[in-house]
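Student: I have a structure open and would like to learn how to read it. Could we take some features in turn?

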Amino acid sequence: MTRVLLLGGTTEASSLARALAHLGTNAVFSYAGRTAAPVAQPLPTRIGGFGGPEGLAAWLRAESISHVIDATHPFAAQMSRNAVQACAATGTPLLAYQRSPWVAGPGDDWREVAGIAEAVAALPDAPARVFLAIGKQHLTDFAAKPQHHYLLRLVDAPQSLPLPDAAALIARGPFTLHDDLALLKSHAISHIVAKNAGGSGARAKLDAARALHLPVILIRRPDLPARQVAETLDAVLAWLHGTDLGV
């Protein structure tokens, strides 16, 4: 009997949840619990961690999960690694539903870096106005360059900011080119730091940077263990229903 665990937190995961609900698939949607008010889903939903790969493996067995679909954010690396280990331990088929990374085009001024520390180092020494579009987990690292003004865009209002000169905008995507052009202009942004999340929901800031000739420090995706990957909803549903993806 098919029973799916959908590891979510992305626009793609929500689209897949709607498709599974429409098909009447027995599935559970899982949120990591990093946001205070996650988007409601049309599937039974659990919130919170599993307790590492061992805890996830035990949960898969206890819940009689037949398939796992990892549609987490491309930078949710630990959850994706845990899923690979837990599925290997339990013999549960695993598919990653993964968006393609962004690729620079004509007019883009991107400086790709390997991680957060490299992104901090890539910022100039002279004071700048930085749109820090990386979420809330690694803000403390940028305190190493306190001379900059940082504009943050977060889903939840922070209790405090670990940066001496920062402003937080509370908003949930998707964002438009028109809005992001206005945002960058109104805050006189000179640099953008972002993660290469891919997809369309957060792409607008990069298109706005191109239009305004602003440099973007883009953090590359983390390395993950080998796993089967699909990039479209149709491919995910085909895998789930036993059709060979050819990948």
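Tutor: This is a predicted model. Begin with a charge over a ring: the charged end of R153 sits over the ring of F175, 3.5 Å from the ring's centre.

Student: Which residue lies over the face of F50?

Tutor: R46 does, at 3.8 Å from the centre of the ring.

Student: How many aromatic pairs does the structure hold?

Tutor: There are three aromatic pairs. F50 belongs to one of them, with W59 as its partner.

Student: Why is the pair of F50 and W59 edge-to-face?

Tutor: Look at the angle between the ring planes, for which edge-to-face needs over 60 degrees. The planes of F50 and W59 stand at 70 degrees, with the ring centres 5.4 Å apart, so the pair is edge-to-face.

Student: Are F50 and W59 buried or exposed?

Tutor: Both F50 and W59 are buried.

Student: Now the strands. In what order do the six strands of the open sheet lie?

Tutor: To read a sheet, go from one edge strand to the other. Here the order is β3-β2-β1-β4-β5-β12, and the strands pair in parallel. At the edges are β3, residues 45–47, and β12, residues 229–230, each of which pairs on one side only.

Student: How many bridges join β1 to β4?

Tutor: Four bridges join them, with β1 covering residues 4–7 and β4 residues 67–70, and the two strands run parallel. Along this pairing, L5 of β1 is opposite V68, and L7 is opposite D70.

Student: What lies on the other side of β4, towards β5?

Tutor: Strand β5, residues 94–97, runs parallel to β4 and is joined to it by three bridges. V68 has L94 of β5 opposite. Between the two strands the chain passes through helix α3, residues 77–90, and this β-α-β crossover is right-handed.

Student: Which residues cover the two faces of β4?

Tutor: H67 and I69 are on one side, V68 and D70 on the other, and all of them are buried.

Student: Why does D70 count as buried?

Tutor: Compare its relative accessibility with the cut-off: buried means under 20%. D70 has 3%, so it counts as buried.

Student: What does the side chain of D70 join to in a polar contact?

Tutor: It joins the side chain of R227, over 2.9 Å. Leaving out residues up to four places away in sequence, D70 touches L7, S80, L94, L95, A96, Y97 and R227. Among these, L7 is the residue that stands opposite D70.

Student: Let us try a residue in a loop. Where does K145 lie?

Tutor: K145 is in the loop between β7, residues 129–133, and β8, residues 149–154.

Student: Is K145 buried or exposed?

Tutor: K145 has a relative accessible area of 11%, so it is buried.

Student: How far apart are K145 and A121 in sequence and in space?

Tutor: They are 24 residues apart in sequence, and their C-alpha atoms are 8.7 Å apart in space. A polar atom of the K145 side chain lies 3.3 Å from the backbone oxygen of A121.

Student: Which residues is K145 in contact with?

Tutor: Setting aside neighbours within four places in sequence, K145 is in contact with V120, A121, L123, P124, D125 and Y150.

Methods
Residues are numbered from 1 along each chain as its sequence is written. This is a predicted model: local features need pLDDT of at least 70, side-chain atom pairs count only at pLDDT 80 or more; totals for chains, interfaces and linings use all residues. Side-chain values use heavy atoms; hydrogens and water are left out. Rings of Phe, Tyr and Trp (its six-membered ring) pair if their centres lie within 6.5 Å; planes under 30 degrees apart count as stacked, over 60 as edge-to-face and the rest as tilted. Buried means under 20% relative accessible area, exposed over 50%, partly exposed in between (1.4 Å probe, protein chains only). A charge sits over a ring if NZ of Lys or CZ of Arg is within 6 Å of the ring centre and within 35 degrees of the ring normal. Two strands pair if DSSP finds at least two bridges between them. A crossover is right-handed if, with the strands pointing away from the viewer, the path from the first strand over the helix to the second runs clockwise. A polar contact is a pair of N or O atoms within 3.5 Å; within protein, one must be able to donate a hydrogen and the other to accept it, and residues adjacent in sequence count only if both atoms are side-chain atoms. Contact means heavy atoms within 4.5 Å.
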